[in-house]
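Work through the exercises below with the sequence and the model in view. Try each task before reading its solution.

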Amino acid sequence: MMRATVRLLSQASRNVYTPRSHTTAFIGLGRMGFEMAYNLFSKTLVDSNGAAHFVVCDARKESALRFSRNMLEQFPGAKIEVASTPADAIRASQTVVTMLPSSPHVRQVYESEAEGIIPALRSLPSEDIHSTLCIDSTTLDVQVARDMAAEVNKLGATMVDAPVSGGVSGAKAGTLSFLVGGSEAAFKRVSPILAHMGKKVFHCGPSGAGLGAKICNNLVLGVEQIVVAEAMLLGLKLGLEPAVLASVINNSTGACWSSSVNNPVPGALPDKEPPCTRDYEGGFATTLMLKDMGLASEIADACGSPLPLGEAAENIYAEVVKKEPQLANKDFSSVYHYLRLAADEESRKGRLGQSERM
Ligand code: NAD
């Protein structure tokens, strides 16, 4: 039996003709992108009776190769290629989804003269440009997203911002919420594609509106995760069992995602496996939450909207990253660990002060 292998895609190596209209690319196979691309590709494959083709691309080539190997293990006949650059990916694919860390990465992937999507699009025949659909699910600056979409749409292709809510667990389960910014026609076109990766698809308004909604949601989340950490730490100091306290909060007026799904204390959710059960690995990085709090404060400043709690939360995440750099890439619920370390340090100082006075 012939073993399926991952092909590397470059213009020269594309010797087998693959219709661009049947090909979907995914760029950015990190914590979220890996799970989203898997759901998108596997469901598209089933829908197309095996006719669909796929392209993946990541700045870390090993991530794209790992994804392809995994996909081929599950679907041995699947046609999947690894593109070296976003330009190669868009030349081969009518639809492209991007899931990148933030604004500079999106600018690089779309605008880079040598390797970017927009310069590559310009070199395609007009019918290929017009059929192209770009979906950016990154959480980034609203104005950068609007600029990218304006450039893509000006060429005659279609682009929407479609950031997500639901975390890595939602990405894996295919239950994300997509918050879409773009025209009504673009929304109709992207909805069935996004439905392969999520449960709810909201049309928030024109270009940039999906990101506006996402930034407001993450402002709530960022503040909420800190206060849940504070409450859990206080409860434990008062002698409460983590599972008892979490159960009370989750069945009372304090209930929220940060407590009921992403509770930061090991043992608080005995039936679930939040990142704290894996030493805070595998969730939403503290640095990414800090980035989102920064996006909120910048846009709030520009609109003249006050953010007293948002600013306090942003300062706390900034302190976590500065004072405990080992938590920067761990899930942002590790703010609980940071508070616990700070509390231990305070009581150590207190004890020291006491013994000095004695
Ligand atoms: P991640 O850092 O795990 O993944 C980002 C991926 O993009 C990495 O694989 C990286 O190598 C790749 N990349 C970076 N620059 C690139 C480039 N120039 N070309 C190609 N690939 C490049 O991040 P993540 O946790 O998957 O988050 C992605 C986005 O989703 C962020 O904007 C984040 O704010 C948002 N988000 C994350 C979560 C979560 O729980 N992790 C939830 C909702 C939204």
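The exercises cover the ligand site, two loop residues, the cysteines and a few distances along the chain.

The model is predicted: local features need pLDDT of at least 70, side-chain atom pairs count only at pLDDT 80 or more, and totals for chains, interfaces and linings use all residues. Residues are numbered from 1 along each chain as its sequence is written, and side-chain values use heavy atoms, with hydrogens and water left out.

**Exercise 1. The shell around the ligand**

Task: Find how many residues surround the ligand and which are the closest.

Solution. Step 1: apply the cut-off, by which a residue is near a molecule or strand if one of its heavy atoms lies within 4 Å of it. Step 2: count the residues that surround the ligand, which gives 25. Step 3: pick out the closest, which are Arg-31, Met-32, Asp-58, Pro-101 and Lys-291.

Step 4: sort the shell by class. Ala, Val, Leu, Ile, Met, Phe, Trp, Tyr, Cys and Pro count as nonpolar, Asp, Glu, Lys and Arg as charged, and the others, Gly among them, as polar. The shell then has twelve nonpolar, eight polar and five charged residues.

**Exercise 2. Polar contacts and cover**

Task: State which atoms of Arg-31, Asp-58 and Pro-101 lie at short range from oxygen atoms of the ligand, and how much of the ligand the protein covers.Solution. Step 1: recall that a polar contact is a pair of N or O atoms within 3.5 Å; within protein, one must be able to donate a hydrogen and the other to accept it, and residues adjacent in sequence count only if both atoms are side-chain atoms. Step 2: for Arg-31, a backbone N or O atom is 2.9 Å from an oxygen atom of the ligand. Step 3: for Asp-58, an N or O atom of the side chain is 2.6 Å from a ligand oxygen. Step 4: for Pro-101, a polar backbone atom is 2.8 Å from an oxygen atom of the ligand.

Step 5: turn to the area. On its own the ligand has 830 Å² of accessible area, and the protein covers 90% of this. Accessible areas come from the Shrake-Rupley method with a 1.4 Å probe; for residues, only the protein chains shown count as cover.

**Exercise 3. Elements and domains at the ligand**

Task: List the elements that give two or more residues to the shell around the ligand, and explain why the ligand lies between two domains.

Solution. Step 1: identify the elements; helices (H or I, at least four residues) and strands (E, at least two) are DSSP runs, numbered from the N terminus. Step 2: the elements with two or more shell residues are helix 1 (31–47), helix 4 (103–111), helix 8 (167–173) and helix 13 (286–303). Step 3: helix 4 gives the most, with three residues. Step 4: domain 1 (7–205) and domain 2 (214–350) both give residues to the shell, so the ligand lies between them. The domain bounds come from an automatic or database domain assignment.

**Exercise 4. Positive phi in loops**

Task: Place Asn-49 and Asp-279, and say whether each is buried, partly exposed or exposed.

Solution. Step 1: note the background, that most residues other than glycine have a negative phi. Step 2: Asn-49 has a positive phi of about 55 degrees although it is not a glycine, and Asp-279 also has a positive phi of about 55 degrees without being a glycine. Step 3: Asn-49 is in the loop between helix 1 and strand 3 (53–57), while Asp-279 is in the loop between helix 12 (257–260) and helix 13.

Step 4: use the classes, where buried means under 20% relative accessible area, exposed over 50%, and partly exposed in between (1.4 Å probe, protein chains only). Asn-49 has 76% and is exposed; Asp-279 has 48% and is partly exposed.

**Exercise 5. Cysteines**

Task: How many disulfides does the structure hold, and why is Cys-134 not bonded to Cys-57?

Solution. Step 1: a disulfide is a pair of cysteine sulfur atoms within 2.5 Å. Step 2: the structure holds zero disulfides. Step 3: the cysteine sulfur closest to that of Cys-134 is in Cys-57, 13 Å away, so it is too far for a bond. Step 4: for Cys-276, the closest cysteine sulfur is in Cys-256, at 14 Å, again too far for a bond. Step 5: Cys-134 is buried at 0% relative accessibility, and Cys-276 is buried at 6%.

**Exercise 6. Sequence and space**

Task: Give the C-alpha distances for Ile-117 and Arg-91, Met-289 and Ala-328, and Val-335 and Asp-58.

Solution. Step 1: Ile-117, in helix 5 (residues 117–122), is buried at 0%; its C-alpha is 8.4 Å from that of Arg-91, 26 residues apart along the chain. Step 2: Met-289, in helix 13, is buried at 0%; Met-289 and Ala-328 are 39 residues apart in sequence and 9.8 Å apart in space. Step 3: Val-335, in helix 15 (residues 335–357), is buried at 1%; Val-335 and Asp-58 are 277 residues apart in sequence and 29 Å apart in space.
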